Amino acid sequence: MKMERKPISPRPLSPHEQSWVREILQGHPDWADVDLSTTEVVAACDCGNCDAVYLGAETPQNPRLKGTKGYIGRIEIRTAEAFGITVTLDQHDGNLDQLYVDFLDLEEKGDRKRPSQWRELAHVYTKM
Ligand SMILES: [Zn+2]
C-alpha cells in the first residue's frame, strides 16, 4: 500500500502516540534521552487504512545521527477486542519522522472500525 504524506496543521501528539514514542525511544540507547519538547504531529497518512503520522520539531531531536536513517523500534499489541496494533517509529537525519500505526481486525470478517480504546492482552517491544 502506498503511504501518502499529507501536511496537517501541527498538533500535539495524542496520549497513545506520546506513550508509544516514549516507549520506543526509551528502549534505544541512541534515543533514550532526547528532548521531545518541540515535537509535534505535522502530517498524516491519508491512505485511509492506517493511522500513520509524521513528526516534526524545531531542531532535530538527535543531531548526532545526521546522515543516517532507519527504524528505531516497533511495538506489537494484541487487544482483548481481537485487534492487532503495530507501531513503528523511524528517523531521518536525526529527526523523528514516521510513527506508523496500523490496526488489524483479527476477527474472521475483519471489517470492524479501529477502536478508540482497548484492553491489551499482549504488548511486545522490539528495538530496531
Ligand atoms: Zn496510511
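**Exercise 1. Find the largest nonpolar core and the residues with the most contacts inside it.**

Solution. The largest nonpolar core has 18 residues. A nonpolar core is a set of buried Ala, Val, Leu, Ile, Met, Phe, Trp, Tyr and Cys residues joined through C-beta atoms within 7 Å. Val-21, Ile-24, Leu-25, Leu-89 and Leu-99 have the most contacts inside this core. Next, assign the core to elements. Those that give two or more residues are α1, β3, β5 and β6. Helix α1 gives the most, with 4 residues. Helices (H or I, at least four residues) and strands (E, at least two) are DSSP runs, numbered from the N terminus.

Two notes on the source apply throughout. Residues are numbered from 1 along each chain as its sequence is written. The model is predicted: local features need pLDDT of at least 70, side-chain atom pairs count only at pLDDT 80 or more, and totals for chains, interfaces and linings use all residues.

**Exercise 2. List the contacts of Ile-24, leaving aside neighbours within four places in sequence.**

Solution. Two residues are in contact if their C-beta atoms, placed from the backbone, lie within 7 Å. By that test, Ile-24 touches Ile-72, Gly-73, Ile-75 and Leu-89.

**Exercise 3. Describe the overall make-up of the protein chain.**

Solution. Count the elements: 1 helix and 7 strands. From the N terminus on, they run β-α-β-β-β-β-β-β. The radius of gyration (taken over C-alpha atoms) is 15 Å, close to the 14 Å that the globule rule gives for 128 residues, so the chain is as compact as a globular protein of that length. That rule is 2.2 Å times the number of residues to the power 0.38. The C-alpha trace spans about 45 × 30 × 25 Å along its principal axes. Buried residues make up 20% of the 128 residues. Here buried means 20 or more other C-beta atoms within 10 Å of the residue's own, exposed means 12 or fewer, and partly exposed lies in between, with C-beta atoms placed from the backbone. Of the contacts between residues at least 6 apart in sequence, 68% join residues at least 24 apart.

**Exercise 4. Give the strand order of the sheet and explain why β1 and β7 each have one side without a neighbour.**

Solution. The open sheet has the order β1-β2-β3-β6-β5-β4-β7, with antiparallel pairing. Two strands pair if DSSP finds at least two bridges between them. β1 (5-11) and β7 (120-127) stand at the edges with a single partner strand each, so one side of each has no neighbour in the sheet. The twist averages 20 degrees from one strand to the next. Axes are lines fitted to C-alpha atoms, for helices over the stretch in contact, and angles run from 0 to 180 degrees between N-to-C directions. Helix α1 (residues 15-26) packs on the sheet, touching β3, β4, β5, β6 and β7, and makes about 120 degrees with the direction of β4.

**Exercise 5. Walk across the sheet from β6 to β7, pair by pair.**

Solution.
- β5 (residues 83-92) and β6 (residues 95-105) are joined by 9 bridges. Thr-88 faces Tyr-100 in β6.
- β4 and β5 are also joined by 9 bridges. Ile-75 stands opposite Val-87 in β5.
- β4 and β7 pair over 7 bridges. Arg-74 stands opposite Thr-126 in β7.

**Exercise 6. Characterise the positive phi values of Ala-82 and Asp-93.**

Solution. Ala-82 has phi near 65 degrees. The hairpin of β4 and β5 that holds Ala-82 has 3 residues between the strands. Ala-82 is partly exposed, with 15 other C-beta atoms within 10 Å. Asp-93 has a phi of about 60 degrees. Asp-93 lies in the loop between β5 and β6. Asp-93 is partly exposed, with 13 other C-beta atoms within 10 Å.
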